[in-house]
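Let's take a walk through this model together, following the charged side chains and who they pair up with. Have the sequence and the 3D view ready.

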Amino acid sequence: FIDMMRFELEYTYRESGLDSLAPAGGGAGTTVADDLSANVFMANALVDIPTGTMVTPYVGGGLGVADMELNIPTLGVNDNDTVFAYQVMLGLGYTPASIPRTTFSLGYRYFGTSDPEFAGTGGQVEHQFDSHIVEAGARFAF
């Protein structure tokens, strides 16, 4: 089983645009034009499922932290929060016979965090942060 596993350390910078904020209980929202940014550090484990062909499906998951920053001057919010982050991954790898130590991949990742909370002069702002990612890549074995 260990022979089928891959491990990776990952750093990503993510940014999400905000158009409006709504009160927790519902009601009219406040229009904003700002960004939520995150520096994300993850440790991932992936399992390649051998098929005996040039195509290899994979599944995986990751755990880490996200240092999130929200800056909304109109609401007096300029704060950071470090929260738990997680992701699940699946995809397909293709290893051509002509270059056997190279794998091209196409995959999907679902990324999420626990809800960050940001303090401001207008009160507490809580945000849900998750994303769906389609990725293409290449791996080279040495």
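How many salt bridges does the count come to? Keep in mind that we're looking at a predicted model. The answer is 5 salt bridges.

Start with arginine 6, whose side chain meets that of aspartate 48 in a salt bridge, with 3.0 Å from N to O. This pair ties together distant parts of the chain: arginine 6 sits in strand E1 (residues 5-21), aspartate 48 belongs to strand E2 (residues 30-48), and the two are 42 residues apart. Are these partners buried or exposed? Arginine 6 has a relative accessibility of 17%, and because the cut-off for buried is under 20%, it counts as buried. Aspartate 48 also comes out at 17% relative accessible area, so it is buried by that rule too.

Now move along to glutamate 10. Its side chain meets the side chain of arginine 14 in a salt bridge, this one at 3.8 Å from N to O. Both glutamate 10 and arginine 14 are buried.

Glutamate 10 has another partner as well: which residue is 3.0 Å away from it, counting between the closest N and O atoms? That's arginine 109, which forms a salt bridge with glutamate 10. Here again distant parts of the chain are linked, with arginine 109 in strand E5 (residues 102-113), glutamate 10 in strand E1, and their positions 99 residues apart. Arginine 109 is buried, just like glutamate 10.

Finally, zoom out a little. Through salt bridges that share partners, Glu8, Glu10, Arg14, Arg109 and Glu135 are joined into one network.

Note on methods:
Residues numbered from 1 in each chain as written. Predicted model: local features only at pLDDT ≥ 70, side-chain atom pairs only at ≥ 80, totals over all residues. Heavy atoms only, no water. Salt bridge = Lys/Arg side-chain N within 4 Å of Asp/Glu carboxyl O. Helix = DSSP H or I, 4+ residues; strand = E, 2+ residues; numbered from the N terminus. Buried < 20%, exposed > 50% of the residue type's maximum accessible area, 1.4 Å probe, protein only.
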